Structures are given as structure tokens and as C-alpha cells.
Amino acid sequence: MEEMKKDLIHLTAEVRNLAAAIQYLSQRTAWSETCFKQVQESGAMQMTEAVRKVLTDHKKLMSQVNILAMRLAATQGGSGGSSEGGPYQPMGKPSMNR
């Protein structure tokens, strides 16, 4: 009988711990949903699509600039290249650093 009382006390404590954990997770879920809703309402998610399109367009443009630079260098036959006196250097990838 004493062993059953100890088991009951232990199980009761574990159920309380589980209830507290469920309550905590429920609060965190509600907070996350609130934050997600605020992000949606701010328009930040729509901005990411616009930024993605600008970056894609930028990559295409840089590719075209580099192709044109190589064509220009080929037509000039390595006789100087750019107005700075040296051969034209194709532009590298854009950096996302500020």
C-alpha cells in the first residue's frame, strides 16, 4: 500500500510537470502566431518577392555586362581596353554586405 502511495505521488508530480510544459508550449505557440501575423501585416513577406526579383534582374544584368566586356576586349584585341589604360575587368558578384 505504501508503494502505491509513492507511485501516485510520483505520477501526480509528473502530470503537473507535463501540464506546465503544455501550458508553456501553448503560450509560445500563441506568441509565435502573433509575431507571424505582425510580419504578414507589415508587408515584409511581399517585400521579399520584390527583392528576390530585383536580385534576379541584377544577376542577369551583370551577366550581360560581363559578356559585353569580354566582347569589347576581344574586338580591341588586348590593345588597352578601357579608358583607364588597362584591360577592362568584368564585374564580380554583388555583395549583400553593407
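User: How many salt bridges does the structure hold, and which residues form them?

Analyst: A salt bridge is counted when a side-chain nitrogen of Lys or Arg lies within 4 Å of a carboxyl oxygen of Asp or Glu. In this predicted model, the structure holds 2 salt bridges. In one of them R52 pairs with E49, the closest N and O atoms being 2.8 Å apart, and in another the side chains of K53 and D57 meet at 3.0 Å, N to O.

User: Where do these partners lie along the chain, and how many residues apart are they?

Analyst: The general idea comes from helix geometry. An α-helix has 3.6 residues a turn, so residues three or four places apart point the same way. Here R52 and E49 both lie in helix α2, 3 residues apart, which is about one turn of the helix. K53 and D57 are also in helix α2, and because they are 4 residues apart, about one helical turn separates them.

User: How should I read the accessibility of these charged residues, and which of them counts as exposed or partly exposed?

Analyst: Over 50% relative accessible area a residue is called exposed, under 20% buried, and in between partly exposed. R52, at 49% relative accessibility, therefore counts as partly exposed, and E49, with a relative accessible area of 48%, is partly exposed too. In the other pair, K53 has 52% relative accessibility and so counts as exposed, whereas D57, at 35%, counts as partly exposed.

User: What are the helices of the protein chain, and how do I check the span of each one?

Analyst: The protein chain has 2 helices and 0 strands. The check sets an expected span, taken at 1.5 Å a residue, against the distance between the end C-alpha atoms. For α1, its 41 residues should span 60 Å, and the end C-alpha atoms are 60 Å apart, so the two values agree. For helix α2, residues 44–76, the 33 residues should span 48 Å, and the end C-alpha atoms are 47 Å apart, which agrees as well.

User: What follows each helix?

Analyst: The residue to look at is a glycine in both cases, read through its phi angle. After α1 comes G43, whose phi is positive, near 90°, and after α2 comes G77, whose phi is positive, near 65°.

User: How much of the protein chain is buried, and which residues of α2 are buried?

Analyst: Of the 98 residues of the protein chain, 4% count as buried. In α2 the buried residues are M62, N66 and A69. The protein chain exposes about 9,000 Å², of which carbon and sulfur atoms supply 62%.

User: Which residues form a nonpolar patch on the surface, and what does Q40 touch?

Analyst: The nonpolar patch consists of F36, V39 and M45, which together have about 250 Å² of accessible area. Of these, V39 lies in helix α1, which covers residues 2–42, and with a relative accessible area of 38% V39 is partly exposed. Q40 also has its place in helix α1, and Q40 is partly exposed, with a relative accessible area of 41%. When residues up to four places away in sequence are not counted, Q40 touches M45 and Q46, and M45 is one of the residues of the nonpolar patch.

Terms used. Residues are numbered from 1 along each chain as its sequence is written. This is a predicted model: local features need pLDDT of at least 70, side-chain atom pairs count only at pLDDT 80 or more; totals for chains, interfaces and linings use all residues. Side-chain values use heavy atoms; hydrogens and water are left out. Buried means under 20% relative accessible area, exposed over 50%, partly exposed in between (1.4 Å probe, protein chains only). Accessible areas come from the Shrake-Rupley method with a 1.4 Å probe; for residues, only the protein chains shown count as cover. Patches are made of residues with over 30% relative accessible area and no salt bridge: like charges are joined within 9 Å, nonpolar side chains (Val, Leu, Ile, Met, Phe, Trp, Tyr) within 5 Å. Contact means heavy atoms within 4.5 Å. The expected span of a helix is 1.5 Å times one less than its number of residues.
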